[in-house]
Structure formats: structure tokens, C-alpha cells
There are 2 protein chains.
Amino acid sequence: MNTYPSILLENAVNQFASLPSVGRKSALRLVLHLLKQKPEEVEAFAGALTQLRNEVRYCRVCHNISDSDVCPICSSINRDRQTICVVENVQDVMQIETTGQYNGLYHVLGGIISPMDGVGPKDLEIESLVRRIAPEGINEVILALPTTMEGDTTNFYIYRHLAGEHPDLKITQIARGVAVGGELEYTDEITLGRSILNRIEFTP
Amino acid sequence: MNTYPSILLENAVNQFASLPSVGRKSALRLVLHLLKQKPEEVEAFAGALTQLRNEVRYCRVCHNISDSDVCPICSSINRDRQTICVVENVQDVMQIETTGQYNGLYHVLGGIISPMDGVGPKDLEIESLVRRIAPEGINEVILALPTTMEGDTTNFYIYRHLAGEHPDLKITQIARGVAVGGELEYTDEITLGRSILNRIEFTP
């Protein structure tokens with residue numbers, strides 16, 4: 001599909017096709033869908049994107065996206081204010097919140113250390129994490145970064161910084177193992193190995 | 001993922017999730033991708049959509065999307081101007097053009113007859129098709145609509161109108177059969193049946 005009947009159409013398709021995992025055929029389908037909507041609806045679509053981009057704010061404490069200077073989680077009095085869960089990005093906060101199993105605070109790094117992509121510790125919110133510990137009286141930091149080489153590097157970097165400056169701080173990481181409902185037969189050997197090494201007491 | 005940390009974020013996600021076959025998780029991923037782009041890039045994205053919607057034009061002859069009053073295909077002197085291929089929508093024109101096997105004109109109906117969706121013949125560019133035949137000296141109309149009940153209904157409706165008013169007009173439909181490279185074993189029985197009924201002379 002190289003020949004678009006209109007430059008305006010081609011421009012719009014190019015924009016959609018620049019998004020991650022949207023191919024040119026899907027992009028065309030999405031654009032033609034928008035073309036069938038009322039002009040004011042397309043205006044609302046475009047407006048929501050530019051407004052978000054121009055007015056987006058980040059919580060100055062945890063760096064999550066927020067409509068206010070300090071996000072609702074950081075300003076809540078109902079949360080455990082002595083625990084911080086360190087995550088890579090905004091999606092991870094939302095995902096953990098949906099579990100309903102965590103009631104502490106968060107710290108969004110905004111990425112992980114990745115020399116290949118030119119992302120170093122200074123590009124991430126690591127210093128601001130270390131600075132939170134003493135004033136906020138944090139006693140546990142949970143590392144919830146991906147189990148990739150980059151994630152492990154970032155974990156290690158944060159651990160060294162935190163443990164160096166705060167020897168009494170408890171530093172944990174989320175459990176890795178066979179998924180709930182997952183079958184051993186279909187679990188990769190590294191995950192299965194970890195789930196054996198990190199076994200916990202059976203509680204009947 | 002019900003709890004968005006920001007209303008602006010939620011609005012943008014809702015807009016993307018309103019597109020066909022974009023779920024809320026994908027929508028969030030796309031929005032967070034845009035959030036990482038420069039504001040002027042997001043502006044360009046939004047601008048391309050609103051500009052297309054507000055300034056889109058349709059060829060007054062074939063009703064394909066066009067930047068001009070008459071589209072390049074309809075105004076080309078290098079095309080077979082006595083044949084019209086009738087298609088459902090703009091994508092179909094682009095798809096047929098990529099084959100390089102067709103050099104005639106098009107007529108975009110803008111949909112197919114579908115009482116379930118409240119689409120009747122009057123909502124489609126059928127009258128304008130019938131009106132093209134005599135003035136343009138068309139001698140063949142190729143029906144290239146989908147092989148669904150709606151497609152068949154639309155084919156039949158168009159056939160009756162065209163044949164009634166222009167008894168000498170050749171009316172054809174595109175061949176249906178086993179795909180090139182397709183195996184009989186995996187071809188559905190209706191397609192396979194058609195490919196036998198509509199067999200053609202073997203040309204060695």
C-alpha cells in the first residue's frame with residue numbers, strides 16, 4: 001500500500017504508523033475510522049493528546065504522572081508511608097495498584113539503566129529516591145524492576161547507593177517464580193529454578 | 001487498570017481506546033509513547049488528524065478520497081476509461097492499485113447495503129454510478145464487493161439497476177477461488193466449490 005489517494009490521508013497514516021506496534025495497514029484503518037467520526041469528535045481526540053502533552057505534570061515526590069504537584073498516593077494519609085516500591089514506569093504503578101496487595105508509596109524511576117540506549121543513572125530518578133529515605137522516615141524499599149540485565153544492573157546500582165547511605169534500611173525485591181495457576185511443565189527453567197531457590201515456608 | 005493517576009492521561013487513553021481493536025492497555029502504551037515525544041511532535045500528530053478531518057475531499061466522479069475536485073485516477077489519460085471497478089471503500093482501491101493488474105477507473109460506494117446497520121441503497125453512491133455509464137461511455141462494470149450476504153445484496157441491487165438501464169453493458173465480478181499458493185486442504189468448502197464451478201480453460 002504505497003499509493004495514498006491524498007497527501008492529508010498519507011500524513012495522518014504516517015503519524016499513526018509512527019506509534020509502537022502500529023503497522024501501516026492498521027494505521028490506515030484507524031485513520032479511516034476517525035474520518036467517519038464527526039469533526040468535533042476528531043477535534044476532541046486531537047485535543048486530549050495535545051492537552052496531555054502540554055499540561056502533563058509529574059508528582060514532585062514519586063515522579064508518577066499527576067494532575068497536582070503531589071499525587072494522591074503521596075499525599076494520602078491512609079497509606080503505609082514507611083515503604084517505597086521502586087518501579088520503572090507509570091504503567092507499573094497502575095498494575096501494582098490493581099492487585100490491591102500494596103498500600104505503600106511508590107517511586108517511578110522513569111526508565112532503567114541501559115547503556116545500549118544511552119540511559120545512565122543520572123537520567124533516572126535515583127538520586128531523588130535516595131534523598132527521600134531519611135526525611136520521610138522510610139524503613140523498606142521494595143525493588144520491582146524487570147528481571148532483565150538492565151533491571152538487574154539498576155537494582156544493583158540502587159542497592160549500593162541505598163545500603164551505603166542507609167545501612168539500617170530494609171531492601172527487598174518482589175518474588176519471582178511460577179505464576180499462580182501456571183504449570184511447571186510450561187515454566188521456563190530460570191523462573192522454575194528461582195522458585196525453588198526462593199521457596200517459602202508452607203502455611204496450611 | 002481502572003485507576004489512572006491523572007484525568008488528562010485518562011482522557012487521552014479513553015480517546016485511543018475508542019478506536020477499533022485498540023484495548024485499554026494498548027491505548028495506555030500509545031499515550032505514554034506520545035508523552036515521551038516532543039510537544040511539537042504531538043502537535044503535529046494531532047494536527048494531521050484534525051486537518052484531514054476538516055479538509056478531506058472526495059473525488060466528485062468516483063468518490064475516492066482526493067486532494068482535488070477530481071482524483072488523479074479519474075483525470076488520468078493513461079487509464080482505460082471504459083471500465084469501472086466498483087468497491088466498498090477507499091482501502092479496496094489502494095489494495096487493487098497495489099496489484100498493478102487493473103488500469104481502469106473506480107467507483108467507491110462508501111459502504112454496502114446492510115439493513116442491520118441501517119445502510120440502504122440511498123446511503124451509498126449507487127445512483128451516481130448508474131449516472132456515470134452513458135456520459136462516460138463505460139462498457140464494463142466490475143463488481144469487487146465482499147462475498148458476504150450484504151455484498152451479494154449490494155451486487156444484486158447494482159446489477160438490476162445497471163442491466164435495466166443499460167442492456168448492452170458488460171457486468172462482471174472478480175473471481176473467487178483458492179488463493180494463489182493456497183492448499184486445497186486448508187481452503188474452506190464454499191471457496192473450493194466456487195473454484196470448481198468457475199473453472200477456466202487450462203493454458204499451458
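In strand 5 of chain B, Val86(B) has Leu143(B) as its bridge partner, where strands are DSSP runs of E of at least two residues and helices are DSSP runs of H or I of at least four residues, both numbered from the N terminus. The model is a predicted one, in which local features need pLDDT of at least 70 and side-chain atom pairs count only at pLDDT 80 or more, whereas totals for chains, interfaces and linings use all residues. Residues are numbered from 1 along each chain as its sequence is written, and chains are lettered from A and ligands numbered from 1 in the order in which they are written.

The pair formed by Val86(B) and Leu143(B) belongs to the junction of strand 3 and strand 5 of chain B, which run parallel and are joined by 4 bridges; two strands are taken to pair if DSSP finds at least two bridges between them. Strand 3 of chain B, residues 83-87, is also joined by 4 bridges to strand 4 of chain B, again in parallel, and here Cys85(B) stands opposite Tyr106(B) of strand 4. A further 4 bridges connect strand 5 of chain B with strand 6 of chain B, which run parallel, and Glu140(B) stands opposite Lys170(B) of strand 6. Together these strands make an open sheet of 4 strands in chain B, with the order 4-3-5-6 and parallel pairing. Strand 4 (105-108) and strand 6 (170-173) of chain B are the edge strands, each pairing on one side only, and the twist from one strand to the next averages 25°. In general, the strands of a sheet pair through backbone hydrogen bonds, either parallel or antiparallel.

The side chains of strand 5 of chain B alternate, in that Val141(B) and Leu143(B) point to one face and are buried, while Glu140(B) and Ile142(B) point to the other and are not; a residue is buried if 20 or more other C-beta atoms lie within 10 Å of its own, exposed if 12 or fewer, and partly exposed in between, with C-beta atoms placed from the backbone. Helix 6 of chain B, residues 149-165, lies across strand 3, strand 5 (140-143) and strand 6 of chain B, and runs at about 170° to strand 6 of chain B. For such angles, axes are lines fitted to C-alpha atoms, for helices over the stretch in contact, and values run from 0 to 180 degrees between N-to-C directions. Leu129(B) is placed in helix 5 (residues 127-136) of chain B and is buried, because 21 other C-beta atoms lie within 10 Å. Apart from neighbours within four places in sequence, Leu129(B) is in contact with Val86(B), His107(B) and Ile158(B), contact being defined by C-beta atoms, placed from the backbone, that lie within 7 Å. Between Leu129(B) and Val108(B), which are 21 residues apart along the chain, the C-alpha separation is 9.0 Å.

In chain A, 8 helices and 6 strands are found, following the pattern α-α-α-β-β-α-β-α-β-α-β-α-β-α along the sequence. The radius of gyration of chain A is 22 Å, well over the 17 Å that the globule rule gives for 204 residues, so chain A is more spread out than a compact globule; the radius is taken over C-alpha atoms, and the rule is 2.2 Å times the number of residues to the power 0.38. Along the principal axes, the C-alpha atoms of chain A fill a box of roughly 65 × 45 × 40 Å. Of the 204 residues in chain A, 28% are buried.

An open sheet of 4 strands is also present in chain A, with the order 4-3-5-6 and parallel pairing. Within this sheet, 4 bridges join strand 3 (residues 83-87) of chain A to strand 4 of chain A, and Val87(A) stands opposite Val108(A) of strand 4. Val86(A) touches several residues beyond four places away in sequence, among them His107(A), Leu129(A), Val141(A) and Ile158(A). Val86(A) and Val86(B) have the most contacts inside the largest nonpolar core, which has 92 residues; such a core is a set of buried Ala, Val, Leu, Ile, Met, Phe, Trp, Tyr and Cys residues joined through C-beta atoms within 7 Å.

The contact between the chains takes 45 residues from chain A and 46 residues from chain B. Helix 3 of chain A gives the most to the side of chain A that touches chain B, with 13 residues.

How values were computed:
Contact = placed C-beta atoms within 7 Å.
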